[in-house]
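Ready for a short walk around a molecule? Keep your viewer open and your selection tool handy.

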Amino acid sequence: MLKVSLIAHTPDPERVVAAAAKLCYSNAEIDTLMAGLTPEKSRDFVRMLASMGHESPTEHVNFTFAIEGVSRSLLAQITRHRIASFSVQSQRYVRLDAFDYVTPPEVAGDEEALAAFRQAMDSQAAEYHRIAALLKDGHIRRLMQQGMSEAEATKKAEKMAIEDARFVLPNACTTKMIVTMNARSLKNFFRHRCCNRAQWEIRDLAEQMFRLVYAVAPALFEACGPACAYGPCPEGKMTCGRAAEMRAKYEQIKAELNGENAQ
Ligand SMILES: Cc1cc2nc3c(=O)[nH]c(=O)nc-3n(C[C@H](O)[C@H](O)[C@H](O)COP(=O)(O)OP(=O)(O)OC[C@H]3O[C@@H](n4cnc5c(N)ncnc54)[C@H](O)[C@@H]3O)c2cc1C
């Protein structure tokens with residue numbers, strides 16, 4: 001199951017962004033830069049920047065997420081975001097004795113498709129283990145012929161075998177990662193991935209990430225989410241046609257997190 005937590009972020013993110021803005025727009029001295037930057041004043045600076053489209057000061061604050069229970073398919077999509085840092089669990093070194101996998105909800109909701117999906121996962125797991133075992137035996141033989149002890153050869157052979165056997169693992173296979181993005185990059189990420197046109201798994205993740213950062217820095221992430229939540233839909237003829245619904249959804253999420261009732 002998808003799990004995401006915000007494990008760290010720049011302390012006082014809105015105050016840090018406000019300090020950068022203050023430095024840009026006044027003759028502030030660095031010794032007194034932070035003075036007077038109350039939460040209210042910081043929010044005003046952050047909102048002023050957003051209204052002007054001056055986004056670079058928001059690059060000074062970082063947010064780090066721990067993510068697990070997501071598919072390798074999601075991994076391929078999230079790592080397309082270049083303005084981010086990633087640390088991903090390696091399949092080269094982790095033995096996947098009984099690999100976990102993500103079942104798409106549409107598959108889970110169709111009995112026949114689900115049975116076929118499970119069968120595919122089981123057979124891929126069996127082939128993975130078969131290939132790993134075959135390769136491992138061959139590697140052990142060769143390494144021992146080269147003079148390595150049996151214990152040493154077995155350890156090395158396992159790593160070598162896993163490295164090649166993993167080529168048969170499916171996109172559905174789960175992975176874990178640590179992701180860090182600054183606030184500007186997160187805004188771009190939410191714009192693309194909270195959108196209805198994004199694939200369901202990364203959209204679920206993006207929505208949860210949005211909730212986590214909005215709870216920490218509401219002014220900074222006020223005009224964030226799918227593009228249609230705070231402006232026109234940019235998808236042209238590919239639009240889902242549900243902009244009003246999405247806008248209402250994100251207003252509701254923000255109201256919930258602000259402890260209000262948007263009804
Ligand atoms: C619905 C959807 C469908 C998609 N379908 C496909 C697909 O079919 N095939 C495919 O390959 N990808 C696809 N993508 C991925 C998409 O093309 C982007 O690679 C991905 O969303 C990362 O976005 P980004 O470049 O804005 O983010 P980042 O890489 O984080 O970049 C952030 C911003 O920095 C700037 N930037 C970064 N690098 C450069 C650069 N080299 N030059 C100039 N400006 C730069 C840009 O303004 C960019 O928006 C899809 C994405 C979505 C949301």
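**First stop: the ligand**

Select Arg 82 together with the ligand: a backbone N or O atom of Arg 82 sits 2.6 Å from an oxygen atom of the ligand. Before going on, keep in mind that this is a predicted model.

Next, add Arg 80 to your selection. Here the side chain takes part: one of its N or O atoms is 2.8 Å from an oxygen atom of the ligand. Then pick Arg 193, where a side-chain N or O atom lies 3.1 Å from a ligand oxygen. With these contacts on screen, try showing the surface: the ligand on its own has 940 Å² of accessible area, and the protein covers 47% of that.

Which residues surround the ligand? Select Arg 80, His 81, Arg 82 and Ile 83, then add Asn 188, His 192, Arg 193 and Arg 197. Colour this shell by residue type and you will find 4 charged residues, 3 polar ones and 1 nonpolar one.

**Second stop: the cavity**

Now leave the ligand and look for an enclosed space. How many cavities of 30 Å³ or more does the structure hold? There is 1, and the largest cavity has a volume of about 90 Å³.

To find the largest cavity, select Cys 195, Cys 228, Cys 233, Glu 235 and Cys 240; of the 15 residues that line it, these lie nearest its centre. Colour the whole lining by type as you did for the ligand shell: the lining of the largest cavity divides into 9 nonpolar, 3 polar and 3 charged residues.

Definitions and conventions
Residues are numbered from 1 along each chain as its sequence is written. This is a predicted model: local features need pLDDT of at least 70, side-chain atom pairs count only at pLDDT 80 or more; totals for chains, interfaces and linings use all residues. Side-chain values use heavy atoms; hydrogens and water are left out. A residue is near a molecule or strand if one of its heavy atoms lies within 4 Å of it. A polar contact is a pair of N or O atoms within 3.5 Å; within protein, one must be able to donate a hydrogen and the other to accept it, and residues adjacent in sequence count only if both atoms are side-chain atoms. Accessible areas come from the Shrake-Rupley method with a 1.4 Å probe; for residues, only the protein chains shown count as cover. Ala, Val, Leu, Ile, Met, Phe, Trp, Tyr, Cys and Pro count as nonpolar, Asp, Glu, Lys and Arg as charged, and the others, Gly among them, as polar. On a 1 Å grid over the protein atoms alone, a cavity is a set of points where a 1.4 Å probe fits but cannot get out, and a pocket is an open set with protein on both sides within 12 Å along at least five of seven lines; lining residues have an atom within 4 Å of a point. Grid points are joined across faces, edges and corners, and a volume is the space filled by probe spheres set on the points.
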